[in-house]
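Open the model in a viewer and keep the selection panel at hand. The stops below say what to select and what is there.

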Amino acid sequence: MQPAALPELHQQHEQRHGWRSLAQRPWWPWLTRGAAAAFFVLVAGLLFRQARTVDWPAVLQALRALPPGTLAVAGALALASHCLYGTFDLVARHCCGHHLRRSTTLGIAMTSYAFTLNLGSLVGGVGVRYRLYARRGVDAGTIGQVVGTSVLTNWVGYLLLAAVLPWLWAPPPLAGWSAPAWQWRLGGALLGCIPLAYGVVCALRAGRALTLRGHAFALPRWPVAVWQMAASAGNWMLMGAALWATLQAQVSYPAALATVLLGAVAGLVLRVPAGLGVLEAVGVALLTSPSLGQDKVLAALLAYRALYYFVPLVLASLALGAAELRWRHSAAVPAKN
């Protein structure tokens with residue numbers, strides 16, 4: 001046997017008997033889907049069980065008692081957050097070089113964001129974004145870079161806040177479990193290294209694309225990378241401020257921000273559409289106190305969800321419908337001529 005053939009045989013052996021071969025088994029997709037379905041049922045059962053313990057008439061009463069001024073301030077903060085998120089695609093426009101107008105790019109990003117929040121990233125972040133960009137002549141490769149840059153922008157700011165938050169706020173004991181403050185701060189410091197490393201890479205590359213496994217990823221220069229982090233962190237902070245407003249400042253702002261940050265990750269991991277019930281469960285666990293009852297916390301969370309999730313979805317649906325009608329009308333006019 002030739003020595004050069006040994007690596008090939010070893011590779012074939014790994015393909016037949018290694019962990020990668022599991023994904024090729026006919027029963028593997030059913031196993032993964034079954035595990036995901038069981039996990040979802042378990043989470044749904046826990047949420048339903050918790051919902052049964054809620055005094056819903058008291059929650060409805062607390063919701064009706066929210067002052068209109070409080071809702072107006074929270075709505076303004078939610079609008080500011082959606083507008084700031086729209087600038088993420090302006091960063092992508094700068095990196096990828098497509099030539100759509102800034103106002104059009106901002107509108108596409110804000111529309112897709114509302115669908116992403118309520119229906120998931122595949123529908124909003126990819127599906128709606130792709131349709132709106134493709135209608136305007138942007139090619140698929142550029143759209144993919146726009147989506148990737150927007151996702152990256154969203155999470156670099158999140159990780160920065162995750163590094164700072166443990167110095168400002170400590171979570172209450174949950175189910176009898178707690179961790180020392182130094183562990184939270186250490187974990188946050190490790191997360192904070194990721195966006196800092198991204199900034200260093202952008203500075204070193206000086207605007208040159210980064211190539212990994214034959215794929216080129218557009219990178220901005222370091223001032224734009226700093227703007228990415230600042231805009232993303234500002235967006236998450238506005239989200240926390242909107243929740244803090246509906247809570248009428250009865251909790252500390254870092255606690256409201258932590259609820260938004262942890263609720264976002266929990267909803268992402270559990271794959272629940274719009275994080276429905278997940279954010280509320282996280283908020284009730286973190287914010288309920290002897291001075292602030294569960295009914296008032298849940299009322300504030302529901303008001304926040306309506307202002308930040310549902311109202312923008314209605315507006316985005318109207319905007320998407322109007323865009324589709326304009327496109328079909330413009331496509332039908334040349335056909336008649």
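Is Arg-135 buried, partly exposed or exposed? Select Arg-135: its relative accessible area is 26%, so the residue is partly exposed. Keep in mind throughout that this is a predicted model.

**Stop 1: the charged network**

Leave Arg-135 selected and add Glu-324. Their side chains form a salt bridge, with N and O 3.1 Å apart. The partners come from distant parts of the chain: Arg-135 belongs to helix 6 and Glu-324 to helix 12, 189 residues apart. Through shared partners, salt bridges join Arg-131, Arg-135 and Glu-324 into one network.

Now add Arg-131. The N-to-O distance in its salt bridge with Glu-324 is 2.8 Å. Since Arg-131 is in helix 6 and Glu-324 in helix 12, this pair ties together parts 193 residues apart in sequence. Glu-324 has a relative accessibility of 13% and therefore counts as buried. Arg-131, at 38%, counts as partly exposed.

**Stop 2: a second link from helix 6**

Select Asp-89 and Arg-129. They form a salt bridge in which the closest N and O atoms are 2.9 Å apart. Asp-89 sits in helix 4 and Arg-129 in helix 6 (residues 122-135), with their positions 40 residues apart in the chain. Both residues of this pair are buried. The salt bridge count for the model is four.

**Stop 3: the whole chain**

Clear the selection and colour by secondary structure. The chain has 12 helices and two strands. Read from the N terminus, the order of elements is α-α-α-α-α-α-α-α-β-β-α-α-α-α. Of the 337 residues, 38% count as buried.

**Stop 4: the largest nonpolar core**

Select Leu-247, Tyr-304 and Tyr-308. These are the residues with the most contacts inside the largest nonpolar core, which has 41 residues. To see where the core comes from, show the elements that give two or more residues to it: helix 3 (56-64), helix 4 (68-96), helix 5 (102-119), helix 7, helix 9 (222-246), helix 10, helix 11 (278-287) and helix 12. Helix 12 gives the most, with eight residues. As general background, nonpolar side chains tend to be buried together in soluble globular proteins.

**Stop 5: the nonpolar surface patch**

Select Val-311, Val-314, Leu-315 and Leu-318 and turn on the surface. Together they make a nonpolar patch of about 390 Å². Leu-318 belongs to helix 12 (residues 294-336). With a relative accessible area of 58%, Leu-318 is exposed because the cut-off is over 50%. On the spacing of such positions, an α-helix has 3.6 residues a turn, so residues three or four places apart point the same way.

**Stop 6: Glu-280 and its contact**

Select Glu-280, which is in helix 11. Its relative accessible area is 8%, so Glu-280 is buried. Add Arg-305 to the selection: the side chains of Glu-280 and Arg-305 are joined by a polar contact of 2.6 Å.

**Stop 7: helix 10**

Select residues 253-270. How far apart are the end C-alpha atoms of helix 10? They are 26 Å apart, which agrees with the 26 Å that its 18 residues should span at 1.5 Å a residue. The buried residues of helix 10 include Pro-254, Leu-257, Val-260, Leu-261, Gly-263, Gly-267 and Leu-270. Step one residue past the helix to Arg-271, which takes a positive phi of about 60 degrees.

**Stop 8: helix 7**

Select residues 140-164. Helix 7 has 25 residues, and its first and last C-alpha atoms are 37 Å apart, close to the 36 Å expected at 1.5 Å a residue. Which residue caps the N-terminal end of helix 7? Asp-139 does, with a side-chain oxygen 3.2 Å from the backbone nitrogen of Gly-141.

**Stop 9: Cys-193 and Leu-160**

Finish with Cys-193, which is in helix 8 (residues 181-205). At 45% relative accessibility, Cys-193 counts as partly exposed. Add Leu-160 and draw the C-alpha distance to Cys-193: the atoms are separated by 8.4 Å, and the residues are 33 apart along the chain.

Terms used
Residues numbered from 1 in each chain as written. Predicted model: local features only at pLDDT ≥ 70, side-chain atom pairs only at ≥ 80, totals over all residues. Heavy atoms only, no water. Patch = residues over 30% accessible without salt bridge, like charges linked within 9 Å, V, L, I, M, F, W, Y side chains within 5 Å. Areas by Shrake-Rupley, 256 points an atom, 1.4 Å probe, with all protein chains shown as cover. Helix = DSSP H or I, 4+ residues; strand = E, 2+ residues; numbered from the N terminus. Buried < 20%, exposed > 50% of the residue type's maximum accessible area, 1.4 Å probe, protein only. Expected span 1.5 Å × (residues − 1). Polar contact = N/O pair within 3.5 Å; in protein donor to acceptor, adjacent residues only side chain to side chain. Core = buried A, V, L, I, M, F, W, Y, C linked by side-chain atoms within 4.5 Å.
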